[in-house]
Amino acid sequence: MKYPLSDDVKPEFCTTGTFMRLPSSRENAKLAIVGMPFDTAASFRVGARFAPQAIRQASMTLFPYHPIHKVYPLEDTSAIDIGDVSIIPHNIHRSYKLIEDAMFELMNQNIIPIGLGGDHSVTLANLRAAAKKYGPVAMIHFDSHTDTWDTYYEEKYWHGSPFIRAYEEGLLIPNKVFQIGIRGTLNHPGDLEASYELGYHVITTPEIHERGFADILREMKEVIADTPCFLTFDIDFVDPSCAPGTGTLEVGGYNSLETLKMVRSLTDFNFIGFDLVEVLPSYDPAQITSLLAATLVHDFASLVALKIKKGN
């Protein structure tokens with residue numbers, strides 16, 4: 001985009017309904033945006049079904065070049081936006097299958113998907129697709145909650161259980177799972193112990209402050225190495241002062257700048273898929289949460305573009 005703008009450049013509020021006006025198909029696509037508007041596995045606030053379009057709308061104010069990684073993330077990856085998976089709002093298992101099929105179809109074409117949730121239950125479907133393609137994978141998980149709680153009202157499938165179900169299904173390599181930013185009050189000490197017992201690395205917010213993220217990054221690179229890795233980002237990793245539009249808020253998190261610095265440091269991982277979940281646009285009238293989410297998606301795409309640029 002060059003200034004002064006030519007007559008054929010649309011204003012930011014004139015959208016095609018896709019992320020940064022991406023096409024829905026193009027040859028040699030290496031990256032795809034996919035909406036997963038399922039939110040009826042949430043335990044408190046709902047409304048994340050409206051997040052994919054809110055994030056796409058917020059993306060209209062972003063520019064194409066990433067100055068930190070020095071890439072054009074969407075152009076360098078020939079990115080596309082295939083729209084939303086037509087989930088079944090009252091049926092989690094049929095919705096899982098629809099999301100899994102859509103994600104696997106992309107992965108099987110060597111297209112890296114970035115999923116826009118939706119509540120965090122949708123990540124189980126994404127991991128099923130990834131394991132079908134790659135076998136058990138590593139995972140980097142940004143969140144304020146571990147989401148390894150077994151049941152809620154005796155229900156095993158909800159947004160607090162995807163990563164215990166993923167363990168049971170053999171979708172993850174447990175010692176290559178890092179859960180980053182865990183904080184907040186608990187029902188009992190076992191809420192954290194459940195993740196430790198699965199073999200996951202639980203990195204709490206106080207531990208990040210004590211060790212520094214650079215040290216944690218070194219550990220992740222050593223442990224995960226070149227293993228196919230899925231990145232899942234729950235927006236409640238970010239402090240509510242910067243991301244109020246979410247379902248289960250936890251104070252004491254990171255601000256937008258700190259968050260972006262962490263994500264932008266995740267170079268040299270073999271990422272095979274991403275998702276960003278738990279944005280609830282209706283709880284944030286200023287839409288700063290959706291803008292942060294769109295910026296993070298832009299950063300995820302930049303990590304893929306950087307990997308392509310390096311010839312990996």
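Strands here are DSSP runs of at least two E residues, numbered from the N terminus. With that in hand, open the model, which is a predicted one.

**Stop 1: before the strands**

Select Asn-28. This residue sits in the segment before β1, and β1 covers 31-36. Look at the backbone. Phi of Asn-28 is positive, about 65 degrees, although Asn-28 is not a glycine. Most residues other than glycine have a negative phi. Now show the surface. Asn-28 has a relative accessible area of 59%, over the 50% cut-off, so Asn-28 is exposed.

**Stop 2: a salt bridge between helix and strand**

Select Asp-81 and Arg-56. The two form a salt bridge, with the closest N and O atoms 2.8 Å apart. Color the elements around them. Asp-81 belongs to strand β2 (residues 80-84) and Arg-56 to helix α1 (residues 51-58), so the bridge ties together parts that are 25 residues apart in sequence. Is this pair buried or exposed? Asp-81 is buried, at a relative accessible area of 1%. Arg-56 is buried too, at 2%.

**Stop 3: two helices meet**

Select helix α3, residues 92-108, and helix α4, residues 122-134. Their axes lie 8 Å apart, and the packing angle is about 40 degrees. The two helices are therefore oblique to each other. The crossing of α3 past α4 is right-handed.

Show the side chains next. From α3, the residues in contact include Tyr-96, Ile-99, Met-103 and Phe-104. On the α4 side, look for Leu-124, Ala-125, Ala-129 and Tyr-134, among others. Which classes make up this contact? There are eleven nonpolar, two polar and four charged residues.

Keep both helices on screen and pick Glu-100 and Lys-132. Their side chains meet in a salt bridge, 3.0 Å from N to O. Glu-100 is in helix α3 and Lys-132 in helix α4, so this pair ties together parts that are 32 residues apart in sequence. The two ends are not equally covered: Glu-100 is buried, with a relative accessible area of 10%, whereas Lys-132 is partly exposed, with 45%.

**Stop 4: a cis peptide bond**

Move to Gly-117 and Gly-118. A cis peptide bond joins them, with omega at about 15 degrees. Most peptide bonds are trans. Where does Gly-118 lie? The residue is in the loop between β3 (112-117) and α4.

**Stop 5: a salt-bridge network**

Select Arg-211 and Glu-207. They form a salt bridge, and the closest N and O atoms are 2.8 Å apart. Both are in helix α7 (residues 205-211), four residues apart, and about one helical turn separates them. Arg-211 counts as partly exposed at 27% relative accessibility. Glu-207 counts as partly exposed as well, at 23%.

Now widen the selection. Add Asp-215, Arg-218 and Glu-219 to the pair: salt bridges that share partners join these residues with Glu-207 and Arg-211 into one network. How many salt bridges does the structure hold? The count is 17.

**Stop 6: a buried loop residue**

Finish at Glu-278. Find this residue in the loop between β8 (271-277) and α10 (288-309). Check the backbone again. Phi of Glu-278 is positive, near 70 degrees, in a residue other than glycine. Is Glu-278 buried or exposed? At 4% relative accessibility, Glu-278 counts as buried. Bring Asn-28 back for a last look: that residue is exposed.

Definitions and conventions: Residues numbered from 1 in each chain as written. Predicted model: local features only at pLDDT ≥ 70, side-chain atom pairs only at ≥ 80, totals over all residues. Heavy atoms only, no water. Axes fitted to C-alpha atoms, helices over the stretch in contact; angles between N-to-C directions. Parallel < 35°, antiparallel > 145°, perpendicular 65-115°, else oblique. Left-handed = near helix turned anticlockwise from the far one by under 90°. Contact = heavy atoms within 4.5 Å. Nonpolar A, V, L, I, M, F, W, Y, C, P; charged D, E, K, R; others polar. Salt bridge = Lys/Arg side-chain N within 4 Å of Asp/Glu carboxyl O. Buried < 20%, exposed > 50% of the residue type's maximum accessible area, 1.4 Å probe, protein only.
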